[in-house]
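Biologist: Could you take me through one part of this model in some detail? I'd like to start from a single side chain and work outwards.

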Amino acid sequence: EIAFYTAIAAVALGTVAAFVLTRIPHFRGRTLFGGMVTAPLVMPEVITGLALLLLFVAMSSMFGWPTQRGAMTIWIAHVTFTAAYVTVIVRSRLQEMDQSIEEAAQDLGATPFKVFFLITLPSIAPAIAAGWLLGFTLSVDDLVITSFVSGPSATTLPMVVFSSVRLGVSP
């Protein structure tokens, strides 16, 4: 369930980030934004998990939210690192896409909203689907980050399998 919702949120955030990085060529902080988007790709999972744990603890003491770590903190952590993968996939598709088709549609009177839904979205749909599948798979598979951000009330399949193997139960 967490992986399903993670993939949906990661596709939404990753697609928006890919659009910003490819369609807005010059804006203040572009390099910083690009670095922040791709940072989870190169950071070790232990560092990411520890940083997110410290973030949740600090937020809990400052704002009172989250009151306890559980499914919500796991979901936020998974969206954090899977959105980077979706961004890379959708961004590569947007960069190789021919923008003259979109420009021709706008020249013929189509609104930007209509151009997006009738031309751009069908063109990048395979990349979005691939990003969703990769986000789902990464979320289902993650053990390290989940171990840091989960509480006693939530567990995932990799955590159950890992604890079963560690306790000596046969696979």
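What is the relative accessible area of F117, and is that residue buried, exposed or partly exposed?

Modeller: Bear in mind that this is a predicted model. F117 has a relative accessible area of 41%. That makes F117 partly exposed, because the class runs between 20% and 50%.

To see who F117 sits with, let's go by way of the aromatic rings. A search through the whole structure turns up 7 aromatic pairs. One of them joins F27 and F33: the ring centres are 6.4 Å apart and the planes make an angle of 65°, so this pair is edge-to-face. Another is your residue's own pair, F116 with F117, where the centres lie 5.0 Å apart and the planes stand at 85°, so that one is edge-to-face as well. The angle decides it, because anything over 60 degrees counts as edge-to-face. As for accessibility, F27 is partly exposed at 27%, F33 is partly exposed at 28%, and F116 is partly exposed at 25%. There's also an aromatic cluster in the protein, made up of F4, Y5, W132 and F136.

Now follow F116, since that ring takes us to a pocket. The second largest pocket has a volume of about 150 Å³, and F116 is one of the residues that line it, along with F19, R23, Q99, E102, E103, Q106, P112, V115 and T120. Three helices give two or more residues each to this lining: α1, α5 (100-107) and α6 (112-141). The largest share is from α6, with 4 residues. Chemically the lining is mixed, with 4 nonpolar, 3 polar and 3 charged residues.

One of those lining residues deserves a second look. E103 belongs to helix α5 and is partly exposed, with 45% relative accessible area. Its C-alpha atom is 8.8 Å from that of V115, a residue 12 places away along the chain. Both E103 and V115 are on the list of residues lining this pocket.

For contrast, have a look at the largest pocket, with a volume of about 370 Å³. Its lining counts 17 residues, and M36, V37, P40, T80 and A83 are the closest to the centre. Two or more lining residues come from each of α1 (2-23), α2 (30-42), α3 (45-63) and α4 (71-96). By class, this lining has 13 nonpolar and 4 polar residues but no charged ones, whereas the second largest pocket has 3 charged residues in its lining.

Helix α1 gives residues to both linings, so to speak of its inside as well, try T6, which is found in that helix. T6 has 0% relative accessibility, so it counts as buried; the limit is under 20%. Setting aside neighbours within four places in sequence, T6 touches W75, H78, V79, T82 and S139.

Finally, how far can you trust all this? The average pLDDT of the protein is 92, and 98% of the residues reach at least 70. Confidence is highest in α1, with a mean of 96, and lowest in helix α8 (residues 157-166), with a mean of 82.

How values were computed
Residues are numbered from 1 along each chain as its sequence is written. This is a predicted model: local features need pLDDT of at least 70, side-chain atom pairs count only at pLDDT 80 or more; totals for chains, interfaces and linings use all residues. Side-chain values use heavy atoms; hydrogens and water are left out. On a 1 Å grid over the protein atoms alone, a cavity is a set of points where a 1.4 Å probe fits but cannot get out, and a pocket is an open set with protein on both sides within 12 Å along at least five of seven lines; lining residues have an atom within 4 Å of a point. Grid points are joined across faces, edges and corners, and a volume is the space filled by probe spheres set on the points. Ala, Val, Leu, Ile, Met, Phe, Trp, Tyr, Cys and Pro count as nonpolar, Asp, Glu, Lys and Arg as charged, and the others, Gly among them, as polar. Buried means under 20% relative accessible area, exposed over 50%, partly exposed in between (1.4 Å probe, protein chains only). Contact means heavy atoms within 4.5 Å. pLDDT is the predictor's confidence in each residue, from 0 to 100. Rings of Phe, Tyr and Trp (its six-membered ring) pair if their centres lie within 6.5 Å; planes under 30 degrees apart count as stacked, over 60 as edge-to-face and the rest as tilted.
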